[in-house]
Amino acid sequence: MSLAARVTTLIVAVLAVVGGVIFVVAHYLLGGPPTVDFAAATSGQVNVTMQTDASSDPATVPDHPTWVSYFIKSPASGSWVHTTLFQVPAHTRVNVTILGYDGSTPVRNQVWGQVSGTTGGVADYGGKPVKTVNGWNGPYLIQHTFAIPSLNLSVPVEAGPATCTTGPCTNNQHSTTTFSFMTPAQPGAYRWQCFVPCGLSYLDGNGGPMQTFGYMTGNMQVVS
Amino acid sequence: MAIDMQPESDRQPGREPGGREPDAPPPPARPWWRRPAVHTALAGAVIGYLLGHLLGNVIAGQYSQVVNSGQNDYAIVLGYVLGTLGWLAGLGVFSDLLRQMTGRPVHATEEARDASAGLARYFRYSLDHKVVGLQYLVGMIGFFLTGGLLAMAIRTELLSPSYHVFSSATYTAIVGEHGTMMMMMMSSLILGPLGNYLLPLMIGSKRMAFPRIEALSFWLTPAAYIVLLSGLMFGGFPFGWTGYAPLSVQATQGADAYAVAFGIMGISLILLGFNIIVTVICYRAPGMHWGRLPIFVWAMLTTSFLMVLAAPVLVGAMYMLITDRTVQTAFFTDDLGGSSYLWENLFWFFGHPEVYILALPGFGVVSEILPVFCRKPLFGYKVAAAGMVGVTLLSFFVWQHHLFDSGINPDMRPVFMLTTELISIPTGFIFLVAMGTFWKAKIRFTVPMLFALGFYFNFLIGGISGVYLSDVPADTTEHGTFFVMAHFHYTIMGGLIFAFMAGLYYWLPKMMGIRLNQTLGKIHFWTMFVFFNATFLPLFAVGMAGQPRRVYTYARSLETLNDWVSISSFLLGVSILIFVFNFVYSTVIARVHEEGNPWNSRGLEWQVSSPPPPGNFARVPVVLSGPYEYGVKDAPPVADLDPPLGVISNAYAAAAAEGAEV
Amino acid sequence: MPAADGTVADGTVADGAGRPEPNHGLRIFLLWLPVALVADLLIWFVWGPHLPPGAMSTSAATQQSAIKIMSVMAAPVMALVLVYGAYALVVWRHREGDDEDGPPIHGNTRVSVTWIGVTSVIVLSLAVFGTVELAGPAGAGAGEGNTPIWRPSGGTPLQVQVIGQQWRWTYRYPQFGGFETTSLMLPVGENVQFNITSLDVIHSFWAYQLGVKADANPDINNVAYTKPEHTGQVQVRCAELCGLWHADMTTVGQVVSLSAFNAWTATARTQLAALTKELPPYTLTYDPNAVAQLGKVFQKAGLSGAGGGFYGSQYPVQP
């Protein structure tokens, strides 16, 4: 091949490689679910509403519609966003309401059946304060937990009366779990997770949605 | 036996394995796009994948593996396996086999070898070991650069413990991809390109023992690479290159990519090693007895034994992982009667010889290069060879040092501590040999020599840190931290990669008849050496200070050290880019020809033209002396490249007449 | 002149120009000696007390002294190779115009045998030393599996069960009613026995300042011993990749005085009494299939989680 042909081929090859790398990085490595911002409008307290669903509507959630999932209600638009990332201001009281549209599954380790880290040390199931829950025997059954380990926050979410499989759900066949906690002063990302294996046995149940952002685990971003 | 058994008078020119009858007219050459090559291979791969995926859905579509997880691992695994078979079929790997099975003459190989010259044969299933060597070279450099890019991503994330560029899931996936890409692919980094290309030349043979197996071992590597990278499309795998069960059983679809890719590469290793062993034992030229074998060939031979004996365990373990994930076997699940320890032991029984598969070829390359640039024989040739054999033997007896804290039977720990300490003795022989070769030498600081010196410096640090890890009390703090990371990066990157660079700069004139730019080479060496040490030396301290492996966040007090390491690693990446630029510029644009023997080496491979002619030697040479006879007055030449006709058959007949055992 | 078999005798040999050849061996030795001495003294006296993992517990102190002794032995070896290498690259480099080959030294049996002998002695003594440390009075803090061969003397140690689960550590104190908590408190001056297990995948319990590291495997009890000797904070991390939040599986433990520890256990016991009643009885491992008739329990409770099929009918038993 002549020098010109070699140089041209080389330039084309280099551009193709660079383009490929950029595509892979942008498409598969960066990006993720959106962050719902509760820090913008501050009035002393922040109200966060979430729901848990047994599975999602494939039209709304094209990736893994059969996975169990949290949704967060956007304060600005009032619509349900399929994400587990949200942003709150530092040193603020956060009032959380979780609408539970899933059936019941017990925890693997009963220790997570106790509410900890909330204001008053209790959570409310349909208005009634609850401290320790046994997801195996009742009287209250649980479906998931919402836990922020670095704040020592752990709240079991009550099991719903029915399972809704086309999340996000809007009917009234759900349980209501409410609790409050104070966000810390130090800004940063605080991970949160669920401690109930997703009804899939203890080994496999901690995989899949439990380890994927947008489903059963996420980050609470605290901003100052 | 080293002597060719077929009398020369019977040999017909052009009668290669699978060749057609000499009198038959050659078949008409088909146009390039109709002949099997990479494009047909890709088509075959796609068809195979779709077929496998379909089959998997048919078998298990109604059968939800993990309730509500939407996975069908059957489809993915079968897709990958059939895709690989399709890739190979598209290349024409099975054509000869099918032709011979159906009794038809084998045309394709003849056509492929004779008719194609120039660039096209590098995209085909070529049976010429020199073509395969260069295919391996380009492939391995590409795989190394991919792994290196992933490493840059890792260090970018570790710049800050609180600001995260990637989500923790993506970061863990990147770590796994980087580790697996490197450990998987770099096993063939030296033996693939340099081993396949140079082995016949070094032992005076016209070919490797099994050309089809050799080409197959190469063509499996792009398949493994693509399968592994495709794991990123599924979100990657969250368990690093070590694949500890039960996490690997729990993981989602990316884990299937890991298991299949590693299995494919394991098969490639077995084939590569097997071919080398048979070639070294059976294809040596007359006069090339074991005491004259170049030390690089000894390294190839011992590494090949490791490949052939250890890689099957890996393939078996991956197969068990796949069945655990698909057909619900319970090898690695304690609650169902299996054991998580089973995976750990299977993996590390392969994993420890694997790191010697990575290290030994490096020993061979630098020991081969040193005498040339010291102008002295290799000091203690027998000691060096014994060291390599000793390392190979002992490497099968040390694997539990990866499991000191795992809860293994505590009586085993002193045993494996002892064997691990013992293996440092034969490893030390390499340094003895180097230091002896330096004694009163005349050292020339050419680029290959610089990289060889860098190897010794880096491997010294890597080796000594290994001794720290072999001591169980010290290992309690060091296991699973960045200390281990620094240790194996020093031995593998500081060892193997530096040795590869040394070998590449040394042998590229032989392989392509082109010399790499020496000024750029020196810049490449110094930047790579300085920034490599700047990157990995502080990591010993980072590990000892308490940072575990594979973490995306760490204690704030370690941020300065991590930042230093990350910046150094970016500069290290720049130095690798300098290498890539040098390699591409010198081979594609500048193409400065370098024929003959620029390093004035006594190696047999240097006694033929650069690049060597097809068939390597016009006639099988008779080897007259060893390759390290520098400084010996009136040393005989290395070999007689034009032995008189009949010298071999006459010797054979004479020996038979004397009734000697042959 | 070199002897016919290529060996070179030690001592001065006349080279081509007639000047006596310097005694390279002696020079290298004299260059090496101060480097090795200074390095060893620095390691032993200056760096030694600050080596990781510190001396907060008996096992950590053992490990610190092991690292110190190994460094003292490794430094001269490294110094030898590096000094020799530097000397060689300076003194024996190729000079312009000299196109002769070097002397044809193929080997030297005495040198090789000495090298092999010395390295073997160093390496074997390290192995013996390591074994002694493992079996010695302080033990080594590493996980010994469920049949430990080394135990501390002096009665039953304080039992702390470490339970690893994705992705948080919990600690159970069987001698105080079996309460389970996410905080790790230890009394100073008392032997501690960690019983480490996992509920799902492999984790690794690493208490840095205590010098304890032991893998947590499901259905396995891994025992590690130590004795904290100073009060302070203990940084606990997970040292085996266990999934998404592996890096966040941390605990900040405390070593406190015995009286403070007793006060803490008493308070925790009462505060967590309601929870402790709900926990399964204390065992060394927790097998989910040990819950009798697991599937029937679910059906009876009408448990239907996560979309309905907790265990599909084709999975009678699942971990």
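## Strands, contacts and core in a predicted three-chain model

Ala385(B) lies in helix α13 (residues 381-394) of chain B, where helices (H or I, at least four residues) and strands (E, at least two) are DSSP runs numbered from the N terminus. This is a predicted model, in which local features need pLDDT of at least 70 and side-chain atom pairs count only at pLDDT 80 or more, while totals for chains, interfaces and linings use all residues. Residues are numbered from 1 along each chain as its sequence is written, and chains are lettered from A and ligands numbered from 1 in the order in which they are written.

With 23 C-beta neighbours inside 10 Å, Ala385(B) counts as buried; a residue is buried if 20 or more other C-beta atoms lie within 10 Å of its own, exposed if 12 or fewer, and partly exposed in between, with C-beta atoms placed from the backbone. Leaving aside neighbours within four places in sequence, Ala385(B) is in contact with Ile295(B) and Trp298(B), contact meaning that the C-beta atoms, placed from the backbone, lie within 7 Å. Ala385(B) and Leu571(B), by contrast, are 186 residues apart in sequence and 37 Å apart in space, C-alpha to C-alpha.

The largest nonpolar core has 334 residues, and those with the most contacts inside it are Ala261(B), Leu496(B) and Ala502(B); such a core is a set of buried Ala, Val, Leu, Ile, Met, Phe, Trp, Tyr and Cys residues joined through C-beta atoms within 7 Å. Helix α17 (residues 482-512) of chain B gives the most to this core, with 22 residues. Not counting residues up to four places away in sequence, Ala502(B) touches several residues, among them Val365(B), Ile369(B), Pro448(B) and Phe455(B).

In chain C, five strands form an open sheet of mixed pairing in the order β4-β10-β9-β6-β7, two strands being paired if DSSP finds at least two bridges between them. Because β4 (185-187) and β7 of chain C stand at the edges, each with a single partner strand, one side of each is left without a neighbour in the sheet. Neighbouring strands of this sheet are turned by 20 degrees against each other on average, direction ignored; axes are lines fitted to C-alpha atoms, for helices over the stretch in contact, and angles run from 0 to 180 degrees between N-to-C directions. Helix α4 (residues 258-271) of chain C lies across β4 and β10 (251-256) of chain C, running at about 140 degrees to β4(C).

Five of the five residues of strand β6 (residues 203-207) of chain C are buried, so this strand is largely enclosed by the rest of the structure. On one side of β6(C) the buried residues are His203(C), Phe205(C) and Ala207(C), and on the other Ser204(C) and Trp206(C). β6(C) pairs with strand β7 (residues 212-216) of chain C in the antiparallel sense over five bridges, and the two form a hairpin with four residues between them, in whose turn Gly211(C) has a positive phi of about 65 degrees. Three bridges join β6(C) to the antiparallel strand β9 (residues 232-238) of chain C. The table lists residues that stand opposite each other.

| Residue in β6(C) | Opposite residue | Strand |
|---|---|---|
| Ser204(C) | Asp215(C) | β7(C) |
| Phe205(C) | Ala214(C) | β7(C) |
| Trp206(C) | Arg237(C) | β9(C) |

The contact between chains C and B takes 82 residues from chain C and 77 residues from chain B. By class, the side of chain C that touches chain B has 44 nonpolar, 27 polar and 11 charged residues, where Ala, Val, Leu, Ile, Met, Phe, Trp, Tyr, Cys and Pro count as nonpolar, Asp, Glu, Lys and Arg as charged, and the others, Gly among them, as polar.

Key:
Two residues are in contact if their C-beta atoms, placed from the backbone, lie within 7 Å.
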